[in-house]
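I am keeping these notes while I look through one model on the screen. I start with the core and then follow the helices that build it.

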Amino acid sequence: MKITKWIKGGVLAIAVTGATMTTSMAQEVTEGHLEAARKAITAIEATARFDEILPNVALRITSQMIGNNPDLETQINEIVDTETLALVSRRADLEKEAALVYAKSISEADLNAIAAFYSSDAGKALLNNGAILAREVQQAAAVWQRGIERDLLENVNEKLKEIAPRSVEDKTDDAAETKTE
């Protein structure tokens, strides 16, 4: 679909512009607090993964409509593109809601600190490498867990052998056979 590429840029521009407009909020959230939340959300790219929603929905609807009316493909593409563009401004609503959620949950000072950190080179590096780091740490934890489990079992069996040598050896052999099966 031809609008998918340029809609992302338009969505972001409209979202940022719309998110900076004054909204009527609950009294406990000040405009400064909300602005800090907007900056933090932008810095951590909290809503970036939602940028594909509108283009994906448009693509699904286009495919469905063309499947039902193949003779109207050109018209369907044009209409869906036009209607999709008309909905782009609503992306700002999500930014406003997200900012309100963050503002209600995190202090203004902390939001400013979050925005400052994630706008820095170090914060950007963490954002860019975070998924890879998390996956590698998860793998390291799994290896560590297996080692701890193995060592704990060996240590407990050694201590139990001192108390009841014959009984523990039989059960250890059974457990080892079960694990290898």
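**Entry 1: the core**

I looked up the largest nonpolar core and found that it has 15 residues; those with the most contacts inside it are V29, L34, A37, I41, A99, A103 and L111. I then listed the elements that give two or more residues to this core, and they are helix 2 (31-44), helix 5 (91-105) and helix 6 (108-119). Helix 2 provides the largest share, seven residues. I note that the model is predicted. I also wrote down a general point: in soluble globular proteins, nonpolar side chains tend to be buried together.

I picked V29 from the core and asked which residues it touches, not counting those up to four places away in sequence. The list for V29 is L34, L100, A103 and K104.

**Entry 2: the whole protein**

I stepped back to count elements. The protein has eight helices and zero strands, and along the sequence I read the pattern α-α-α-α-α-α-α-α. Of the 181 residues in the protein, 24% are buried. I checked the contacts with a separation of 6 or more, and residues 24 or more positions apart account for 71% of them.

**Entry 3: helix 2 and helix 6**

How do the axes of helix 2 and helix 6 cross? I found that they come within 8 Å and cross at roughly 30°. Angles under 35 degrees count as roughly parallel, so helix 2 is roughly parallel to helix 6. The crossing of helix 2 past helix 6 is left-handed.

Next I listed the residues that meet. On the side of helix 2 I have G32, H33, A36, A37, K39, A40, A43 and I44, and on the side of helix 6 I have E108, L111, N112, I114, A115, Y118 and S119. I sorted the residues of this contact of helix 2 with helix 6 into nine nonpolar, four polar and two charged.

**Entry 4: I114**

I114 is in helix 6, and I wanted to know whether it is buried, partly exposed or exposed. Its relative accessible area is 25%. Buried means under 20% and exposed over 50%, so I114 counts as partly exposed.

I looked up which residues I114 touches, leaving out those up to four places away in sequence, and wrote down A40, I44 and I106. I also checked I114 against I41, which is 73 residues apart from it along the chain; their C-alpha atoms are separated by 9.0 Å.

**Entry 5: helix 6 and helix 7**

I moved on to helix 7 (residues 121-163). The axes of helix 6 and helix 7 come within 4 Å and cross at roughly 80°. The range from 65 to 115 degrees counts as roughly perpendicular, so helix 6 is roughly perpendicular to helix 7.

Which residues meet here? From helix 6 I noted F117, Y118 and S119, and from helix 7 D121, A122, G123, K124, L126 and L127. The residues of the contact of helix 6 with helix 7 divide into five nonpolar, two polar and two charged. Y118 and S119 were also in my list for helix 6 with helix 2.

**Entry 6: E45**

Last, I looked at E45, in the loop between helix 2 and helix 3 (53-68). E45 has a positive phi of about 55°, although it is not a glycine. How accessible is E45? Its relative accessibility is 49%, and I entered E45 as partly exposed.

Terms used
Residues numbered from 1 in each chain as written. Predicted model: local features only at pLDDT ≥ 70, side-chain atom pairs only at ≥ 80, totals over all residues. Heavy atoms only, no water. Core = buried A, V, L, I, M, F, W, Y, C linked by side-chain atoms within 4.5 Å. Buried < 20%, exposed > 50% of the residue type's maximum accessible area, 1.4 Å probe, protein only. Contact = heavy atoms within 4.5 Å. Axes fitted to C-alpha atoms, helices over the stretch in contact; angles between N-to-C directions. Parallel < 35°, antiparallel > 145°, perpendicular 65-115°, else oblique. Left-handed = near helix turned anticlockwise from the far one by under 90°. Nonpolar A, V, L, I, M, F, W, Y, C, P; charged D, E, K, R; others polar.
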